[in-house]
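Subject: Structure handover

Hello,

Here is the structure we talked about handing over. Please look through it alongside the notes that follow.

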Amino acid sequence: MNVTDTIAAVSTPPGEGGIGIVRLSGGRAIDIAEKFFDSPSGRSLKAVKGRSMTYGHIIDPDSGRPVDEVLVSVMRAPHTYTAEDVVEINCHGGFTAVKCVLELCFRFGARPAQPGEFTRRAFINGRIDLSQAEAVLGVIKSNSQDSLEASAAQLEGNISREISAIRSQFVDLIAHIDAYVDFPDEDVEEIVELQPGIAECIGRIGRLIDSAGVGKILREGLRTVIIGKPNVGKSSLLNALLKEDRAIVTEVPGTTRDIIEEYLSIGGVPVKLMDTAGIRNTADAVEKIGVERSKSLIGRADLVVLMFDSSAELTGEDMSIVELARGKKTVALLNKSDLAPEISEDDIRNIIPDAVIIRTSLKDGTGLDELTDFIYGLIYSGGIKVNSPIVTSTRQLACLKRARDAAESALDTLADGIPADLVTVDLMNAVNALGEITGETAGEEIIDRIFENFCVGK
Ligand SMILES: Nc1nc2c(ncn2[C@@H]2O[C@H](COP(=O)(O)OP(=O)(O)OP(=O)(O)O)[C@@H](O)[C@H]2O)c(=O)[nH]1
Ligand SMILES: [Mg+2]
């Protein structure tokens with residue numbers, strides 16, 4: 001790729017909007033924009049130093065016809081998104097004006113940007129590393145407050161800094177071994193010191209690997225299935241959490257016949273919430289299919305919300321639903337707690353010994369805060385906080401696992417009494433695997449694959 005050419009694309013989503021932005025980046029960006037920009041004050045874009053916004057009109061120089069009234073941002077290299085000269089033309093939102101301005105950019109020498117090419121240039125020009133480039137995508141795609149916060153922290157460099165720190169620790173160890181091999185007599189006892197250093201790096205990598213579980217949930221949402229026999233209040237729970245009447249709620253058992261799926265944010269955590277058909281033995285063909293589907297969802301759930309109607313005695317149906325959730329992370333809700341109780345918490349503990357039990361009433365909102373706290377605590381366990389480095393990319397996770405394997409193999413090599421210089425091979429593998437995360441050692445193919453996921457204009 002020729003980094004010195006100038007690229008252009010529409011950076012706002014297609015369709016009608018308040019404004020539409022055409023973005024140019026590269027050595028000729030300002031020059032090209034100047035060709036069809038006219039400022040009433042006569043101000044030249046080329047005169048801009050640093051960053052500035054100028055009011056004016058886009059005029060097609062060949063026909064002399066006005067295209068749009070615009071505000072043009074000129075941002076001089078290197079303090080820009082791509083680290084090159086960048087021009088952003090703020091047109092009135094709408095398909096035609098934006099398209100005409102883009103065509104003018106092409107006519108005067110820019111070429112169409114490829115998906116993610118602006119961000120790719122930021123990477124190539126060293127303004128951000130690969131992990132930060134991936135975070136840009138994370139920010140765009142984030143679906144809750146917490147996933148945004150994790151991606152924003154990654155964009156700001158929290159993963160990069162941790163990776164670089166571990167990587168340089170490995171590099172120090174390699175330098176240490178090299179010195180030992182070159183001058184064996186001087187530091188003989190020092191070679192033993194390698195073990196704690198490597199073990200410490202493995203621990204740090206392990207913490208990042210552990211965070212990927214949270215990362216996956218922040219990316220995809222916590223898969224949560226509400227199950228229970230008919231009429232216990234499953235759809236009422238979905239509606240209460242969504243704060244809207246999404247699912248039909250009636251006093252007729254068997255109201256919900258299909259799976260209702262909604263994304264929502266519970267305490268900042270993205271949750272994919274599924275309301276299911278009440279599970280019971282039934283002859284109704286439609287209901288039977290619904291019940292079968294609920295069963296298969298349970299298998300893939302991260303969390304099962306098991307609901308009981310606390311105003312009625314436990315039945316055989318409740319028991320068989322409890323069996324379906326065995327082995328899954330479960331929270332038991334004793335719903336309809338506003339009515340006279342027929343089931344106690346001990347009754348639930350007898351059938352689910354380690355159950356987390358919450359009393360709820362969807363009539364008056366009791367227990368919803370407790371459920372929110374439970375979900376939050378479920379995700380941020382083991383010392384992982386929303387602002388600690390959270391690995392949200394499967395690619396980064398794979399690199400971390402390779403780095404850990406290599407470091408563990410180095411420990412094995414040391415333990416086997418194999419010459420120290422052979423340990424450096426393993427440690428180099430670890431260094432390279434970590435370098436793939438930030439991009440120092442990532443090949444063109446990996447880089448291509450990352451930017452393929454971006455949209456044009458980003
Ligand atoms: N008193 C009281 N009634 C409730 C509560 N939660 C739900 N209900 C009522 O219970 C009935 C059934 O509620 P749904 O939310 O439709 O129950 P469901 O589990 O989705 O039922 P199916 O879809 O038939 O399986 C409705 O009349 C609700 O108004 C509660 O906490 N207290
Ligand atoms: Mg229902």
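Strand E3 pairs with strand E4 (residues 51-59) in the antiparallel sense, over 2 bridges. Within this pairing, Asp 38 has His 57 of E4 as its bridge partner. Please keep in mind throughout that this is a predicted model.

E3 and E4 belong to an open sheet of 7 strands with mixed pairing, in the order E3-E4-E5-E6-E2-E1-E7. The edges are taken by strand E3 (37-38) and strand E7 (111-112); each has a single partner strand, so one side of each is left without a neighbour in the sheet.

Now the chain as a whole. The protein chain has 15 helices and 13 strands. Its radius of gyration is 29 Å, well over the 23 Å that the globule rule gives for 458 residues, so the chain is more spread out than a compact globule. Along the principal axes, its C-alpha atoms fill a box of roughly 80 × 80 × 35 Å.

The domain assignment divides the chain into domain 1 (7-113), domain 2 (133-215 + 393-452) and domain 3 (221-379). Domain 2 is thus listed with two segments, 133-215 and 393-452. The centres of domain 1 and domain 3, taken over C-alpha atoms, are separated by 54 Å.

On burial and contacts, 41% of the 458 residues in the protein chain are buried. Of the contacts between residues at least 6 apart in sequence, 67% join residues that are at least 24 apart.

Next, the ligand. The shell around ligand 1 holds 24 residues, and those that come nearest are Gly 233, Ser 235, Ser 236, Thr 256 and Gly 278. By class, the shell has 12 polar, 7 nonpolar and 5 charged residues. Helix H8 (residues 234-242) gives the most to this shell, with 3 residues.

H8 itself is mostly covered, with 7 of its 9 residues buried. The buried residues are Lys 234, Ser 235, Ser 236, Leu 237, Leu 238, Asn 239 and Leu 241. Ser 235 and Ser 236 therefore appear twice in these notes: they are buried in H8, and they are among the residues that come nearest to ligand 1, with a residue counting as buried if 20 or more other C-beta atoms lie within 10 Å of its own. The buried residues of H8 pack against strand E8 (222-228), E9, E10 and strand E11 (303-309). After H8 comes Lys 243, which has a positive phi near 60°.

Two of the strands that H8 packs against, E9 and E10, form a hairpin with 2 residues between the strands. Strand E9 (residues 260-266) and strand E10 (residues 269-275) run antiparallel and are joined by 7 bridges. Ser 265 stands opposite Pro 270 in E10. In this hairpin, Gly 267 takes a positive phi near 60°.

One last residue: is Arg 300 buried or exposed? Arg 300 lies in helix H9 (residues 285-300). It has 10 C-beta neighbours inside 10 Å, and the cut-off for an exposed residue is 12 or fewer, so Arg 300 counts as exposed. From Arg 300 to Gly 365 the distance is 28 Å, C-alpha to C-alpha, with the two residues 65 apart in sequence.

Regards

Methods
Residues are numbered from 1 along each chain as its sequence is written. Chains are lettered from A and ligands numbered from 1 in the order in which they are written. This is a predicted model: local features need pLDDT of at least 70, side-chain atom pairs count only at pLDDT 80 or more; totals for chains, interfaces and linings use all residues. A residue is near a molecule or strand if its C-beta atom, placed from the backbone, lies within 6 Å of it. Helices (H or I, at least four residues) and strands (E, at least two) are DSSP runs, numbered from the N terminus. Ala, Val, Leu, Ile, Met, Phe, Trp, Tyr, Cys and Pro count as nonpolar, Asp, Glu, Lys and Arg as charged, and the others, Gly among them, as polar. The radius of gyration is taken over C-alpha atoms; the globule rule is 2.2 Å times the number of residues to the power 0.38. Two residues are in contact if their C-beta atoms, placed from the backbone, lie within 7 Å. Domain bounds come from an automatic or database domain assignment. Two strands pair if DSSP finds at least two bridges between them.
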